[in-house]
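Please find below a short set of comments on the model under discussion, arranged as numbered points.

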Amino acid sequence: MLPAMITIVMGVSGSGKSTIGMGLAARLGQPFVDGDHLHPQANRDKMARGIPLDDADRQPWLAAIAAEMDRHRQQGESLVVACSALKHRYRDFLRDGHDDVKFVYLHGSRELLADRLGHRAGHFFDPALLDSQLATLEEPGDEEAMRVEIGKPPAELVECIIRADCHGART
């Protein structure tokens with residue numbers, strides 16, 4: 001039996017974390033957790049009003065994601081999680097010394113992200129917050145993460161993640 005692996009699909013809003021995460025989980029036969037569903041209602045309300053979250057807002061959310069990861073880890077299950085994980089310290093918190101956590105960083109131009117957010121319906125995130133997320137984002141640099149340039153169809157991106165040969169990918 002292979003050891004459990006936790007894959008966190010990260011990036012700013014509009015990068016396709018949920019879509020790619022669900023597709024990756026389905027393709028791998030693993031459970032999927034959308035971090036957006038673990039936000040406290042106060043965070044959802046704040047973002048819906050166009051107010052950026054700060055570190056204090058994000059801490060209970062990150063703790064809920066980490067608890068979900070631990071739950072799957074304890075059951076010996078692999079897991080795919082969609083989570084913005086914008087800052088290095090957030091990723092460190094989610095890793096928490098575990099070597100079973102891998103990050104897939106979905107990267108796209110501001111123009112592409114804004115276009116996607118402009119066409120998204122029924123989500124609590126105010127598209128006006130994109131610039132604050134881009135300003136907050138600390139791209140994985142020396143961290144182990146696979147960088148994936150978005151823009152191709154989701155199924156293609158899922159396959160290149162599985163093969164680890166996405167254009168611009170690095171691990």
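How many helices and how many strands are there in the protein chain?

1. The model is a predicted one, and its protein chain holds seven helices together with five strands. Read from the N terminus on, the elements follow the order β-α-β-α-α-β-α-β-α-α-β-α.

2. On overall dimensions, the protein chain has a radius of gyration of 15 Å, which agrees with the value near 16 Å that a compact globule of 171 residues would have. The C-alpha trace spans about 45 × 35 × 30 Å along the principal axes of the protein chain.

3. On packing, 47% of the 171 residues of the protein chain count as buried. Among contacts with a separation of 6 or more, 74% are accounted for by residues that lie 24 or more positions apart.

4. On the surface, the protein chain exposes about 8400 Å², and carbon and sulfur atoms supply 53% of that area. The protein chain carries 20 positive and 26 negative charges, and the mean positions of these two groups are 2 Å apart.

5. One residue may be taken as a local example: is L130 buried or exposed? L130 belongs to helix α6, which covers residues 130-136, and L130 counts as buried because its relative accessible area of 2% falls under the 20% cut-off. Measured against D70 in sequence, L130 is 60 residues away, while the C-alpha to C-alpha separation of the two residues in space is 30 Å.

Notes: Residues are numbered from 1 along each chain as its sequence is written. This is a predicted model: local features need pLDDT of at least 70, side-chain atom pairs count only at pLDDT 80 or more; totals for chains, interfaces and linings use all residues. Side-chain values use heavy atoms; hydrogens and water are left out. Helices (H or I, at least four residues) and strands (E, at least two) are DSSP runs, numbered from the N terminus. The radius of gyration is taken over C-alpha atoms; the globule rule is 2.2 Å times the number of residues to the power 0.38. Buried means under 20% relative accessible area, exposed over 50%, partly exposed in between (1.4 Å probe, protein chains only). Contact means heavy atoms within 4.5 Å. Accessible areas come from the Shrake-Rupley method with a 1.4 Å probe; for residues, only the protein chains shown count as cover. Lys and Arg count as positive and Asp and Glu as negative; His and the chain ends are not counted. The place of a charge is taken as NZ of Lys, CZ of Arg, CG of Asp or CD of Glu.
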